[in-house]
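I'm keeping a notebook while I look around this one. My entries are short, and each one sticks to a single spot.

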2 protein chains.
Amino acid sequence: MTERNIYLEDIPLDEARRRLEMALREAGKWEPLAGETLPLTEALGRITAEPLWAKVSSPHYHSAAMDGYAVQAKDTLNATETRPVRLKIGGRAHPVNTGAPLPPDTNAVIMIEDVQHPVPDEIEIRAAVAPWQHIRLMGEDMVATELVLPANHKIRPVDLGAAAGCGHHMIRVRRKPRVILIPTGSELIPVTQTPQPGQIIEYNSLVLCGQIAEVGGIGHVMDIIPDERDQIRAALQDAVKERPDLILILSGSSAGSRDFTAAVVRDLGSLLVHGVAVRPGHPVIIGIVDGIPVIGVPGYPVSAALTGEIFIQPLLAHWLGSGSDPRLRVDATITRKMTSPTGDDDFVRVMLAQVGDRLLASPLSRGAGVITSLVRADGLAHIPRFSEGVDIGQTIEVILYRPMELIQNTVLAMGSHDPMLDLLAQFLTTRYPTERLVSSNVGSLGGVVALRRKEAHLAGIHLLDTRTGEYNLSYVQQHLRDAPLQLVTFAHREQGFMVAPGNPQQIRTFDDLLRVRYVNRQKGAGTRILLDYELQKRGLLPEQIAGYDHEEYTHLAVAAAVASGMADCGLGVRSAALALELDFIPVGWERYDLVIPAEHLAHVQHLLDILRDPEFRRALGQQPGYDTRQTGEIQYKK
Amino acid sequence: MTERNIYLEDIPLDEARRRLEMALREAGKWEPLAGETLPLTEALGRITAEPLWAKVSSPHYHSAAMDGYAVQAKDTLNATETRPVRLKIGGRAHPVNTGAPLPPDTNAVIMIEDVQHPVPDEIEIRAAVAPWQHIRLMGEDMVATELVLPANHKIRPVDLGAAAGCGHHMIRVRRKPRVILIPTGSELIPVTQTPQPGQIIEYNSLVLCGQIAEVGGIGHVMDIIPDERDQIRAALQDAVKERPDLILILSGSSAGSRDFTAAVVRDLGSLLVHGVAVRPGHPVIIGIVDGIPVIGVPGYPVSAALTGEIFIQPLLAHWLGSGSDPRLRVDATITRKMTSPTGDDDFVRVMLAQVGDRLLASPLSRGAGVITSLVRADGLAHIPRFSEGVDIGQTIEVILYRPMELIQNTVLAMGSHDPMLDLLAQFLTTRYPTERLVSSNVGSLGGVVALRRKEAHLAGIHLLDTRTGEYNLSYVQQHLRDAPLQLVTFAHREQGFMVAPGNPQQIRTFDDLLRVRYVNRQKGAGTRILLDYELQKRGLLPEQIAGYDHEEYTHLAVAAAVASGMADCGLGVRSAALALELDFIPVGWERYDLVIPAEHLAHVQHLLDILRDPEFRRALGQQPGYDTRQTGEIQYKK
């Protein structure tokens, strides 16, 4: 281990990009890449390196546009119904098929349907024809020397046809930029291996290679290098020898004791940037080694992917001459206040849904390690530098990650988490490929609040009325008093204690929680209300439960805490315990309902159809801990 | 040659699609394709064939989220600035790096920056830490068994990361549908050959293969088959033996004497549809042979491409499970009345531009043979069945062919045609890749009218005032009286007679036009006004000029008419004559100006910059017949 590298700046995004551009200009590497010549059959999706001019006209001769006879228009001048004109076939009339060249000394085509054959070798014409009728003139489509495709144009299927039609079978396109990726990290293992504790699957190279391919580059991934300065240095030297257009060093870009990227780049070339004021993705490194740009990519998956989006893809697109950013932008209303450090460009993944007349953007987890936040994201919101964040209800610009059609056909469920909502989502997408169900886990009460704010199409709730022992109805009546709505049962579910296999702590009742480490759900979660109700019945206080403040947002997260030994026990549904191979001690059944405001009934109709479909009910009923006797039933309507 | 096949129906689009679906259902070929298992490294852009569930949690152990020391939070409970707590390294405190597993019996991480080292083997803590601080909990990102990717999902770079992160290195994706294409036509030659008169370059297979690849299929093109019934029949039989998912027979789908597709399909299987009520693309054939769907694709390029879009791509997308149509739709205002037969679904290619606060859609040529109309199109408007067309100013829905950003950065020039506008467009796109210049040739007066109707950003004009012999100014003052605008010179151009090489008809002056076949420009074109002016000066009448009514819309089209021998002479610019290797007899110089309303000056600023740029002026000045002495100068401003 060498000296610790604590130098980490906060260079604004624009300035970081500017430094890279300046250095590339100096190295003579800023211009778009040279061209290569390809057959048209291989050119789809490539970028033209120069304008394409028509080599021959299209059509390259005057041709018949119809099957029929080519004639001189003036020969037909006096033809009428009563005094038809007769022309000899092979003499003044020539049979032609569509596309055939026009015979000399003719200037019109009469459709085969419009002539009579009084005798076999003559045609009879009963109306005068105009000159140029049913003729495709030479050059009608393209005239030789005309511009057909501009430079820097992404080649589409019809472009191939146009290029071929005007005499080309080869086309000059930009060379694909080549990128070498060097993954570093002693804890990393390739995707083909099964990780042991302390080992991390190296997948940033997969994501970055995908991003590189997406814009038209070629990525080549080297073997994983451990966190040893000399080995990283040697790997970078090897990569430079290959003369790629760009080198990426993955991880090791921060300022920790095992982060050598900056030092190695400084050793071998010049370090232009170490640390950019963006969130996530701060510890980005930019340097130049022997004329080749080197980008140090942070190790956290979201930071890595974002670095790909904001540095690597734009650079490759620039080299390819495809300057235009094809990603669509929409304006959306933010559903949660987002604070943002004023000095940073902040990139926030959001879910999008059209609820009533508003397009809503709900921020996803901001953790830099949570790649699922990128998978689930419908778009990326950019909160620029020097703004202090955005307030609820404010409009922000979002770069779309998915087609708008899919977003408009999205049912957004907010509320309690149930693992079987995934099953419902899967049925919906299979039956209706352009629709989807997205759920956001904010707890049952959170879901009710979301409906009140018109931020969701439905809410999943299991809220025990501690006075009556009834589920859901009283909460809906209290919190959504004026809104016409339906309360539709999703399922009855079994709740219970999730404990380590064999139940080593012998947990049987709520009284046993006093002597173990518990893991709780967040405030407003139905499962937490159930716990509170049971504690209260027994005269127990939250303070008496170790871990009462250890909050998780989903049944599966609670199960994970138990499975890892972090806690001894948590309350949740049977399917979550089964998923992580935990034991399950039932404490009772509860009714999980969907609250659907009347105004969204049409929007969620296919979802309700599936809920009442025998095939779905059978699939759900086969899940341990679920009872579908009332699934799809309307419990309440107003 | 066998009996003529005159059976051509008018089946509505929906009904044609329904018949295909029914037949495929019967043949057991309607369900999405089966899956195949691929390494993640090859799965980008493919469609998931089944949901992907997390195999291991991510992280799969509790890990440090920071470099520092792992401790038990309760050991730090009483730490303050004045009474720090000391912990022995290796005893109650364990050094950890980011990503390392949490040592047993610890539940928090203190960042390295927040501890002191009073003695080498101890750390000193000056504030209590909360449990779980700086820890990534097991399953924070994904919990084993959780749904990570749904079925029928197009795999993006981040999805690869998520799949790898939860323990997969292989993924099940839909098999690519295989399509065999059989080009037919005795007049066709492959793209690698140079066409002779009567020969047509076969490029529909290129376009269709591109469309097939675009949605994720594989096209295989057979050799070109001549229009012989037996040979087409044999080719179809060969194709069926390969058991592809779909067979396309290109051309021969109409009802002419050489159109055998329908007959051959009827021979070998069943013919479901022959003729669909769509424009363009009417003679589409749909059939089934031995359980394999066969589509007969019309030969005209635009019809072929449209058949690809409305029949072939949706079918492949359905098989791939990617039901969603990712193409964006926008509403636009139509600039020209479009009549449409009520029985037909009519598809119109349009150019789009944002002029002021309106997004305008200008219909392009509707010719089925004009592939450049697809290349130039920014979008496709669908005029549904039973509507009688659309009126000027009406709003229509347009499927976007290009990113909206590019459309919004488009400068739309309407007016007189000058071949060198292509040069200007090329400079603009090279310098500003997200901008472009699009020109629509409607003649000088047409351009002035377009400005008055607010349908263009600028108009290129060369209008001779026949009273004063001056160019442009009087027309602008008369027709755009109230609008603040600038008149900026593009160039002086040489006009003259374009004649066959060697000038066989010895054309020298306008008087010579009396004895030759002339080709004219359309009404409102500056070149036509010049002709009229010269005829009038000489006391000649239009009726005395043979071909006065033969109208073309561009200089190049006029040149093409002369080059082909269709006419002896036309008036136009020198560059057009040169392009087609014609002789050019100069008649004088004229000033070609750009009229730019003040409201669009900012929008066209980059264009004006280029006009005044020495490099562009040099390039333009080198073109024969152009003089740049006033290029970029403002002739008039108000």
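**Entry 1: two helices in chain A**

I started with a helix pair, and H3(A) and H6(A) make a right-handed crossing. I should jot down that this is a predicted model. H3(A) covers residues 204-215 and H6(A) covers residues 301-320. I looked up their geometry: the axes come within 9 Å and cross at roughly 25 degrees. Angles under 35 degrees count as roughly parallel, so H3(A) is roughly parallel to H6(A).

Next I listed who touches whom. From H3(A) the contact takes A:Asn204, A:Val207, A:Leu208, A:Gln211, A:Ile212 and A:Val215. From H6(A) I noted a longish row, including A:Pro301, A:Ala304, A:Gly308, A:Ile312, A:Leu316 and A:Leu320. Sorted by class, this contact has 11 nonpolar, four polar and one charged residues.

**Entry 2: the pair in chain B**

I then turned to H3(B), residues 204-215, and H6(B), residues 301-320. Their axes come within 9 Å and cross at roughly 25 degrees. That makes H3(B) roughly parallel to H6(B). The crossing of H3(B) over H6(B) is right-handed. On the H3(B) side I wrote down B:Asn204, B:Val207, B:Leu208, B:Gln211, B:Ile212 and B:Val215. Among the H6(B) residues they meet are B:Ala305, B:Glu309, B:Gln313 and B:Ala317. The class count for this contact is 11 nonpolar, four polar and one charged.

**Entry 3: another helix pair in chain B**

How are H4(B) and H5(B) set, one to the other? I found H4(B) at residues 229-241 and H5(B) at residues 261-268, with an angle of about 50 degrees and axes 10 Å apart. H4(B) and H5(B) are therefore oblique to each other. H4(B) passes H5(B) in a right-handed crossing.

H4(B) brings B:Arg229, B:Ile232, B:Arg233, B:Leu236 and B:Gln237 to the contact. They meet B:Thr261, B:Ala263, B:Val264, B:Asp267 and B:Leu268 of H5(B). By class I get five nonpolar, two polar and three charged residues here.

**Entry 4: a helix tucked away**

Is H13(B) enclosed or open? Nine of the nine residues of this helix, 555-563, are buried, so H13(B) is largely enclosed by the rest of the structure. I ticked them off from B:His555 and B:Leu556 at the start to B:Val562 and B:Ala563 at the end. What surrounds them? The buried residues of H13(B) pack against strands E31 (485-499), E32 (518-521), E33 (551-552) and E34 (569-573), plus helix H14 (574-579), of chain B. Just past H13(B), I noticed that B:Gly565 has a positive phi of about 85 degrees.

**Entry 5: backbone oddities in chain A**

I went looking for cis peptide bonds. One runs from A:Ser58 to A:Pro59, with omega near -10 degrees. A:Pro59 sits in the loop between strand E2 (52-53) and strand E3 (63-64). Another cis bond joins A:Arg279 to A:Pro280, with omega near -15 degrees. A:Pro280 is in the loop between strand E19 (278-279) and strand E20 (285-289).

Then I checked positive phi values outside glycine. A:Ser251 has a phi of about 70 degrees, and I found A:Ser251 in the loop between strand E17 (246-250) and helix H5 (261-268). A:Glu581 has a phi near 55 degrees, and its loop lies between helix H14 (574-579) and strand E36 (583-597).

Which of the labels, buried or exposed, goes to A:Ser251? A:Ser251 is buried, with 31 other C-beta atoms within 10 Å. A:Glu581, on the other hand, is exposed, with 12 other C-beta atoms within 10 Å.

**Entry 6: stepping back**

Last, the wider view. The domain assignment splits chain A into domain 1 (13-32 + 176-320), domain 2 (35-58 + 140-174), domain 3 (63-136), domain 4 (329-402) and domain 5 (431-637). I looked up one distance: the centres of domain 2 and domain 5 of chain A are 59 Å apart, taken over C-alpha atoms.

How many residues do the chains bring to their contact? I have 94 residues of chain B in contact with 94 residues of chain A. On chain B's side, helix H2 (residues 157-165) gives the most, with eight residues. That side holds 49 nonpolar, 33 polar and 12 charged residues.

Methods:
Residues are numbered from 1 along each chain as its sequence is written. Chains are lettered from A and ligands numbered from 1 in the order in which they are written. This is a predicted model: local features need pLDDT of at least 70, side-chain atom pairs count only at pLDDT 80 or more; totals for chains, interfaces and linings use all residues. Domain bounds come from an automatic or database domain assignment. Two residues are in contact if their C-beta atoms, placed from the backbone, lie within 7 Å. Helices (H or I, at least four residues) and strands (E, at least two) are DSSP runs, numbered from the N terminus. Ala, Val, Leu, Ile, Met, Phe, Trp, Tyr, Cys and Pro count as nonpolar, Asp, Glu, Lys and Arg as charged, and the others, Gly among them, as polar. A residue is buried if 20 or more other C-beta atoms lie within 10 Å of its own, exposed if 12 or fewer, and partly exposed in between; C-beta atoms are placed from the backbone. Axes are lines fitted to C-alpha atoms, for helices over the stretch in contact, and angles run from 0 to 180 degrees between N-to-C directions. Angles under 35 degrees count as roughly parallel, over 145 as roughly antiparallel, 65 to 115 as roughly perpendicular and the rest as oblique. A crossing is left-handed if the near helix is turned anticlockwise from the far one by less than a right angle, and right-handed if clockwise.
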